[in-house]
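Me: Here's a structure I'd like to go through with you. Can you walk me through what the labels on it rest on?

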Amino acid sequence: MYHVVLEEELTIYQAAQLHARCRDALKEHNELLLDFSRVQEVDCSIVQVVLWLQAEARLQHKHLLLSHYSAALIEFLQLTGFVDLLKAEVAPQEGS
Amino acid sequence: MNLEVALQTFLEEARELLAEMERILLDVESSEMSHEQINALFRAMHTIKGSAGLFGLDGIVSFSHEAENVLDRVRDGEIRLDAQLCALLLRCHDHVKDMLGHVDDPPHLLAMANPPIAAELRNYLPLADSPALLLTDSEPADIEPPPSSRKWVLSLRFGEDVLRNGMDPSSFIRYLAMQGEIMQIVPVLSRLPLGTQFDPESNYLRFEILFAYDGSEQNLKEVFEFVLDDSRIHIFAAEDFSECFSQLLADIDEAEQLAVRQAWLQIGLLHETVGALDSDSCPPAILATEPTVTSAVVAEALPEGKAAKAVESRFIKVEAGKLDNLINLIGELVIAGAAANLMAKKSGQASLVESTVAIASLIEQIRAGTLSMRMVQIGEIFGRFPRVVRDVSKELGKAVTLSVSGSDTELDKSMVDKLADPLMHIVRNAIDHGIEAEAQRLAAGKTAGGHVWLNAFHESGSVVIEVADDGRGLDRERILAKAIDKGLVSAEQTLSDSEIYQLIFAPGFSTAEQVTNLSGRGVGMDVVQKAIDQLRGTIHIDSMAGEGTTFRIHLPLTLAIIDGFQVGIGQATFVLPLEAVIECMELTQALHHEGVHHCLNLRGEVLPMLDLNAFLELGYPKGKRQNVVVVRYGDSKAGLIVDELLGEFQTVIKPMGALFRNLRAISGSTILGSGEVALILDVAALIRYAMASEARRHQLPLGVSGNVS
């Protein structure tokens with residue numbers, strides 16, 4: 001399982017970079033884990049990238065795990081109604 | 001204080017704050033910003049807003065409030081001050097400056113309150129601060145909607161470019177959540193492409209929202225004012241859902257129609273049967289279209305304004321006229337003090353002499369202090385140049401960096417004001433004609449971006465200001481050809497490089513195809529020369545072909561009172577500016593011998609000498625003992641032969657009458673303690689004369705000049 005630990009700040013400024021990083025990771029690995037534990041700031045562009053990655057992984061029959069949601073991310077997903085679409089498969093860690 | 005005076009004070013203060021703001025912003029474009037600088041930016045807008053509120057300048061209040069909000073977020077670290085935001089803030093600065101020019105025209109001011117850049121500013125805000133909230137008294141933001149709130153159907157079809165334009169759909173949603181209650185929200189993802197078609201910076205997300213809100217449709221509409229260009233926002237009351245639903249399905253492809261249907265099924269407003277109904281009977285939904293400009297007063301600005309006023313000011317503003325009067329009086333005091341000193345000496349009473357000396361020293365301190373009040377740092381004008389360079393270089397498509405040094409060099413306020421235009425002219429000229437286009441620079445083995453230096457420093461009683469560039473340099477041959485063509489010089493004349501460069505300042509050296517003229521502006525460099533002349537300054541050019549050009553402006557330090565050095569020639573007394581005097585020595589017989597050639601060998605350095613008695617045609621018999629005063633102006637030195645050295649003396653410069661204005665060697669007059677008039681010698685002119693006459697001697701046929709050495 002290949003781990004991608006996401007940065008604290010994830011906004012449109014990081015979207016292109018994150019997209020490239022995920023695309024490459026998906027190319028090389030069959031199992032991917034996105035660790036959101038450090039994420040403090042997030043916007044819609046990032047959610048899009050994750051949604052895209054999710055769809056791509058499904059298409060390529062690869063396994064994608066979204067994990068360790070930070071409080072900031074959970075709040076964002078609840079606000080924007082994505083919480084059902086992007087379910088974390090590993091519970092958020094306390095204090096991380 | 002009457003209101004008019006207070007208003008003037010406000011305007012003055014606001015301009016200073018804006019200048020400070022501009023300086024910081026330009027600074028930051030090239031480097032990291034400190035916390036203090038961000039605070040200063042915030043304070044500038046905050047204070048302007050507060051003070052404008054006191055004067056009822058609502059337009060300024062409402063606009064500066066927007067900028068302040070953004071800066072507040074920058075200060076709190078919520079958003080980063082990147083180049084884009086800097087540029088936006090610079091434009092805000094310009095706009096506030098514009099508005100300050102219209103304070104006497106309130107309707108105009110109010111019309112300026114909501115320019116397009118205000119919208120850009122709001123993009124940096126969480127929507128809680130958007131104007132819909134600010135400008136509407138009826139809707140307190142943070143009160144939860146009462147249970148009776150109306151329900152609204154919102155369909156937010158954000159355009160592809162919203163993210164690129166710096167707007168995040170989630171910030172609208174966040175704002176909605178603060179205004180009312182988002183009862184249900186369902187994202188619509190049908191547009192999200194797969195594979196390589198996905199562009200992470202395009203927006204594919206759309207949202208269907210059921211929203212409880214007790215404000216008006218209009219207010220709800222205004223929330224989305226800034227995305228209307230490329231987005232389709234549908235808003236209608238939930239009770240009209242069955243009639244209006246089909247509108248939601250217009251203009252979208254099947255996949256999205258399906259997704260929208262599913263969304264509303266999920267939300268529970270749509271029942272399987274409804275969606276298919278035709279919609280012709282439907283009253284038009286509020287398809288938010290035109291942004292509405294609302295301008296109203298921000299009442300909260302008032303108390304803040306008072307708080308801002310309470311910040312203690314470190315400066316007192318004094319009317320320039322009062323200061324001029326004071327300086328005149330001190331001039332008289334200096335003269336009267338010198339007279340008293342002379343009398344005391346004559347009376348031979350030691351205690352009287354002692355007390356007049358004490359008074360004289362106090363007078364000197366008062367003089368220095370008063371004059372320093374008129375002195376301002378040249379940074380005041382240098383500060384404008386980063387902006388000028390930035391704008392001009394953008395306009396011309398050249399990358400130009402500006403380095404400024406010596407901004408703390410002090411200069412008389414009246415000179416600083418008059419210096420701004422000629423300097424501006426030279427700098428623009430340097431960028432326009434000095435700095436080559438990028439391709440040319442690279443071909444010449446230089447860096448792609450040009451460099452312009454602004455430098456100021458004090459040098460022997462004058463202030464030197466240099467404007468240098470690393471461009472192509474002046475084209476000596478072209479200037480000469482042009483000057484000959486224009487009849488400014490004859491083809492036979494032999495001219496030194498610097499004399500040729502100086503030709504560009506000639507009034508006849510004008511306009512079309514000119515080597516150093518600003519294209520399209522039709523203003524020649526003679527304007528610069530004229531302005532510098534008025535300040536009793538001089539301007540010189542150094543240039544190396546292919547390496548760059550330096551304009552060097554020498555200006556006298558001050559205009560009113562100087563430290564003088566008195567010398568006597570026969571019965572007459574003359575004054576030299578003390579700062580120009582380097583040293584004095586006795587003209588011994590040995591030295592005099594060498595003086596046959598009007599030259600002085602000063603520790604190996606050959607200086608031209610000028611016998612003032614002869615030069616000024618005074619006709620006094622030669623004194624028993626003669627002295628040489630070595631003076632300097634810029635890089636040039638010369639020795640002046642005088643009879644007596646009378647020492648330092650505070651000199652109040654009195655302008656010469658109109659009749660004497662054209663005397664080149666005399667720059668002014670002063671009144672001595674004895675009541676006699678002494679003339680102040682113009683060192684620059686004397687040195688020029690001495691050097692020119694030396695040069696002329698060297699132009700003699702070789703056989704003669706061979707004797708000299």
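Reply: Sure, starting with contact: it means heavy atoms within 4.5 Å. This is a predicted model, where local features need pLDDT of at least 70, side-chain atom pairs count only at pLDDT 80 or more, and totals for chains, interfaces and linings use all residues. Residues are numbered from 1 along each chain as its sequence is written, chains are lettered from A and ligands numbered from 1 in the order in which they are written, and side-chain values use heavy atoms, with hydrogens and water left out.

Me: What is B:Phe207 in contact with, leaving aside its neighbours within four places in sequence?
Reply: By that cut-off, its partners include A:Cys44, A:Thr80 and A:Phe82 from chain A, plus B:Leu154, B:Pro169 and B:Ile185 from chain B.

Me: What makes a set of residues a nonpolar core?
Reply: The members are buried Ala, Val, Leu, Ile, Met, Phe, Trp, Tyr and Cys residues joined through side-chain atoms within 4.5 Å. Buried is under 20% relative accessible area, exposed is over 50%, and partly exposed is in between (1.4 Å probe, protein chains only). The largest such core here has 62 residues, and A:Leu34, B:Leu154, B:Phe207, B:Ile209 and B:Phe224 touch the most other members. Its largest share, 9 residues, comes from helix 2 (residues 44–59) of chain A; helices (H or I, at least four residues) and strands (E, at least two) are DSSP runs, numbered from the N terminus.

Me: How do you know what span to expect for helix 11 of chain B?
Reply: The expected span is 1.5 Å times one less than the number of residues. Helix 11 (residues 254–267) of chain B has 14 residues and reaches 20 Å from first C-alpha to last, close to the 20 Å expected.

Me: Why say that the buried residues of helix 11 of chain B line one face?
Reply: They are B:Glu256, B:Ala259, B:Val260, B:Ala263, B:Trp264 and B:Ile267. Down the axis they fall within an arc of 130 degrees, so they line one face; the arc is taken over directions from the helix axis to the C-beta atoms. The face turned away carries the exposed B:Glu254, B:Leu258 and B:Gln266.

Me: Why are strand 1 and strand 5 of chain A said to stand at the edges?
Reply: Two strands pair if DSSP finds at least two bridges between them. The open sheet has 3 strands in the order 1-3-5 (chain A), with parallel pairing. Strand 1 (2–5) and strand 5 (63–67) each have a single partner strand, so one side of each is left without a neighbour in the sheet.

Me: What makes strand 1 and strand 3 of chain A a pair?
Reply: They pair in the parallel sense over 4 bridges, and the cut-off is at least two, which settles the matter. In strand 3, A:Asp35 is the bridge partner of A:Val5.
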